[in-house]
Amino acid sequence: MTQPEKLVDIWRGGHLESQHFGHVVVCDASGEVREAWGDPDLEVFPRSSCKMLQALPLIESGAAKAFGLKSEHLALACASHQGASIHTDRVTKWLAHLQLDDTAFRCGAQEPSDKDARDELIRNGQSPCQMHNNCSGKHSGFLTLARHLGAGPEYLEIDHPVQLAVRQSFEEMTGMASPGYGIDGCSAPNFLTTLTGLARAMAKMTGSSGNGARAQLVNAMMKHPDLVAGEGRACTELMRAANHRAAIKTGAEGVFVAVLPDQRLGIAIKAADGTTRAAEAAVAAMLIRYGIVDRENPAAKRRLSGPITNWRGIETGEMRTNPHLMASI
């Protein structure tokens, strides 16, 4: 196994306090590795970074068209959202269109990350429901596909037609048979692949144009960055900074992917210690490397170098992202 590459140093009081290491792979649309740091053959659970792949059957089956889904629905199908009203209002209407309600979900109730939504629930004496789950958009897509296929309600079972379609799509896009699966935070199967397989899949997302399923999902994410994550989140802020030149998606345990349509490249990142901070720094660096985002853009700078402050607003340290990652090619 190739050793991980240093991604980020953390400094405090003029001394090195911590370091984050990880792996980065860049693939082109032919599936070949263009660049790599660390171990390109590392096996990873993509977690939520692969929601684009999980949403492909929704379009390719004809379900999205049959139910009149628009770009905002497709963006939500790829989202790990904050549970804000812009997310849950749309999910509620989507389920109503399917003649379903919150009980149809199998993702579990989750307190919204959005402060306004959380405060409103508290003021009204209400508990969070499954629509607040950050994956409720993806699960709405699963339910739509299940309804289109005439399949049963337990859409997360590994042998359910929805998950069989997802696995087929996942393996076709990664270019390899998955060696196994785990259960994600939202209870859906999450298929194992290599970091190269994940980057290859992201590169293939650039390989169609017009109304193709891949283009529809990428364009929906770039059109609705606020629906993909939410205010203050890296996915939303970096996609805004990219100005329709990248679709970016985080996953738990330090995974991040990016689709660069103009360059027809896919990027996959895994922080070895599973930290979001390191993965966000690495994806920002790669967007700078490929000329997608200016290094002086506030959304990028904040994730590359901090500063790190305490609760009084005092600057206590700084991040230093590996300059080799963001060096222009």
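This passage walks through a helix, some backbone features, a surface patch and the ring contacts of a predicted model.

A good place to start is helix α12, which spans residues 276–289 and so contains 14 residues by the helix assignment used here. From the first C-alpha to the last, α12 reaches 20 Å, close to the 20 Å expected at 1.5 Å a residue. The helix is mostly covered, with 12 of its 14 residues buried. Among them are a run of alanines, including A281 and A282, together with V283, M286, L287 and I288. Charged residues are also found on the buried list, which includes E280 and R289. A278, another residue of α12, has a relative accessible area of 0% and is therefore buried. In sequence A278 is 58 residues from A220, and in space the two are 26 Å apart, C-alpha to C-alpha. Just after α12, the backbone at G291 takes a positive phi of about 70°.

The backbone holds a few more points of interest. Most residues other than glycine have a negative phi, and most peptide bonds are trans. Against that background, N243 stands out with a positive phi of about 55°, although it is not a glycine. N243 is placed in the loop that runs between α11 (234–242) and β8 (247–251). Its relative accessibility is 54%, and because the threshold for exposed is over 50%, N243 counts as exposed. E253 likewise is a residue other than glycine with a positive phi, in this case near 60°. The loop between β8 and β9 (255–260) holds E253. With 46% relative accessibility, E253 falls short of that threshold and so counts as partly exposed. A cis peptide bond is found between G306 and P307, where omega is about 0°. P307 belongs to the loop between α13 (298–305) and β11 (308–309).

On the surface, three side chains gather into a nonpolar patch: I158, Y181 and I183, with about 280 Å² of accessible area together. I158 sits in the loop between α6 (136–149) and α7 (161–174). The relative accessibility of I158 is 30%, so this residue counts as partly exposed.

Where do Phe rings and their neighbours come together? A search of the whole structure finds three aromatic pairs. In one of these, the ring centres of F170 and F191 are 5.9 Å apart and the planes meet at 45°, so the pair is tilted. F170 lies in helix α7 and F191 in strand β6 (residues 189–191), which means that the pair ties together parts that are 21 residues apart in sequence. F170 is buried, at a relative accessible area of 2%. F191 is buried as well, with a relative accessible area of 2%. Ring pairs also bring in Y181, linking F170, Y181 and F191 into a cluster. Y181 thus has a place both in the ring cluster and in the nonpolar surface patch.

One further ring contact involves a charge. The charged end of R320 sits over the ring of W11, at 4.2 Å from the ring centre.

Methods: Residues are numbered from 1 along each chain as its sequence is written. This is a predicted model: local features need pLDDT of at least 70, side-chain atom pairs count only at pLDDT 80 or more; totals for chains, interfaces and linings use all residues. Side-chain values use heavy atoms; hydrogens and water are left out. Helices (H or I, at least four residues) and strands (E, at least two) are DSSP runs, numbered from the N terminus. The expected span of a helix is 1.5 Å times one less than its number of residues. Buried means under 20% relative accessible area, exposed over 50%, partly exposed in between (1.4 Å probe, protein chains only). Patches are made of residues with over 30% relative accessible area and no salt bridge: like charges are joined within 9 Å, nonpolar side chains (Val, Leu, Ile, Met, Phe, Trp, Tyr) within 5 Å. Accessible areas come from the Shrake-Rupley method with a 1.4 Å probe; for residues, only the protein chains shown count as cover. A salt bridge is a side-chain nitrogen of Lys or Arg within 4 Å of a carboxyl oxygen of Asp or Glu. Rings of Phe, Tyr and Trp (its six-membered ring) pair if their centres lie within 6.5 Å; planes under 30 degrees apart count as stacked, over 60 as edge-to-face and the rest as tilted. A charge sits over a ring if NZ of Lys or CZ of Arg is within 6 Å of the ring centre and within 35 degrees of the ring normal.
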